[in-house]
Amino acid sequence: MPPSENRTASRLPSPFLPNPGSPHGGTDGGADTRAPLDGSPELLRAAFRRHPAGVAVITARGRRLAGFTATSLTSVSAEPPLVSFGVGTASGSWPVIAEAEHVGVHLLGEHQRELAATFARSGADRFAPPTRWREGPEGVPLLESVPVWLVCRVVARVPAGDHRVVVAEVVAGDPAGPGRPLVHHDGRYNALRD
């Protein structure tokens with residue numbers, strides 16, 4: 001779930017109770033004896049705080065420049081080369097993404113924590129200095145010094161709750177930039193450890 005397009009999850013209290021019907025009685029450490037929580041936005045946010053994800057910035061040009069930090073980037077298909085990402089329909093970036101024919105996808109490096117934070121911050125002028133960018137293929141704004149950038153043609157925008165899942169075909173890119181991957185975990189940007 002993109003940090004910029006979703007509210008930060010708060011830590012949930014521990015509502016887990018021992019299950020007396022467990023074959024292990026909940027006391028020997030051999031069984032998971034916690035009762036499950038009902039499905040909710042809070043449960044989903046708490047679960048995905050535990051799931052490390054790569055950090056990407058999605059950019060587009062419409063009547064204005066738009067961009068946001070995303071942790072929902074997924075490789076979908078090799079033939080044709082497709083990626084997907086989620087974007088909240090209430091976000092400031094959605095009106096531009098909703099009409100864009102092409103988007104830029106940038107995989108950030110561990111040296112770009114501040115860049116990730118800038119594109120996650122509401123109300124920020126994300127393309128103002130110190131952000132360094134240039135116009136790339138199809139007029140897409142491309143961030144500089146990223147480990148990987150891709151220019152993708154949008155092929156679908158699929159409704160998914162309060163988000164849209166955007167599916168896009170890779171048309172150009174460079175996978176040989178500097179740096180090791182930036183990872184988002186437990187509400188923070190982290191370096192990938194060996």
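Start with helix α3 (113-120). Select it together with strands β11 and β12: α3 lies across both, running at about 155° to β12. Keep in mind throughout that this is a predicted model.

**The three-stranded sheet**

Hide the helix and keep the strands. Add β1, and an open sheet of three strands appears, in the order β1-β11-β12. The pairing is antiparallel. Now colour the edges. They are β1 (53-54) and β12 (188-191), each of which pairs on one side only. Strands of a sheet pair through backbone hydrogen bonds, either parallel or antiparallel.

Zoom in on β11, residues 182-185. How many bridges join β11 to β12? Four, and the two strands run antiparallel. For a single pair to pick out, select L182. Its bridge partner in β12 is A191.

**Salt bridges**

Next, show the charged side chains. The structure holds five salt bridges. Three stops follow.

Select R63 and E99. Their side chains meet in a salt bridge, at 3.9 Å from N to O. R63 sits in the loop between β2 (56-61) and β3 (65-70), while E99 belongs to helix α2 (residues 94-99), so this contact ties together parts that are 36 residues apart in sequence. Are these two residues buried or exposed? Both R63 and E99 are exposed.

Go to E114 and R121. They form a salt bridge too, with the closest N and O atoms 3.2 Å apart. Turn on the surface at R121: this residue counts as partly exposed, because its relative accessibility is 39%.

Now pick E169 and R153. Here the side chains meet at 2.7 Å, N to O, in another salt bridge. E169 is in strand β10 (residues 163-174) and R153 in strand β9, so the pair links parts that are 16 residues apart in sequence. R153 is partly exposed, with a relative accessible area of 36%.

**Cis peptide bonds**

Switch to the backbone. Select E79 and P80. The peptide bond from E79 to P80 is cis, with omega near -5°. To place it, show the flanking strands: P80 lies in the loop between β4 (74-77) and β5 (82-88).

Move on to P129 and P130. A cis peptide bond joins these two prolines as well, and omega is about 15°. Where is P130? Look in the loop between α3 (113-120) and β7 (133-135). That brings back the helix from the opening view, the one lying across β11 and β12.

**Positive phi**

Stay with β7 and follow the chain to E138. This residue lies in the loop between β7 and β8 (141-143). What is its phi? The value is near 60°, positive in a residue other than glycine. Show the side chain and surface here. E138 counts as exposed because its relative accessibility is 56%, and the cut-off for exposed is over 50%.

Continue past β8 to S145, in the loop between β8 and β9 (148-160). S145 is not a glycine, yet its phi is positive, at about 65°. How exposed is S145? It counts as partly exposed, because its relative accessibility is 32%.

**Last view**

From S145, step into β9. This is the strand that holds R153, the partner of E169 in β10. Finish with both side chains displayed, and check the 2.7 Å N to O distance between them.

Conventions:
Residues numbered from 1 in each chain as written. Predicted model: local features only at pLDDT ≥ 70, side-chain atom pairs only at ≥ 80, totals over all residues. Heavy atoms only, no water. Buried < 20%, exposed > 50% of the residue type's maximum accessible area, 1.4 Å probe, protein only. Pairing = 2+ DSSP bridges. Contact = heavy atoms within 4.5 Å. Axes fitted to C-alpha atoms, helices over the stretch in contact; angles between N-to-C directions. Salt bridge = Lys/Arg side-chain N within 4 Å of Asp/Glu carboxyl O.
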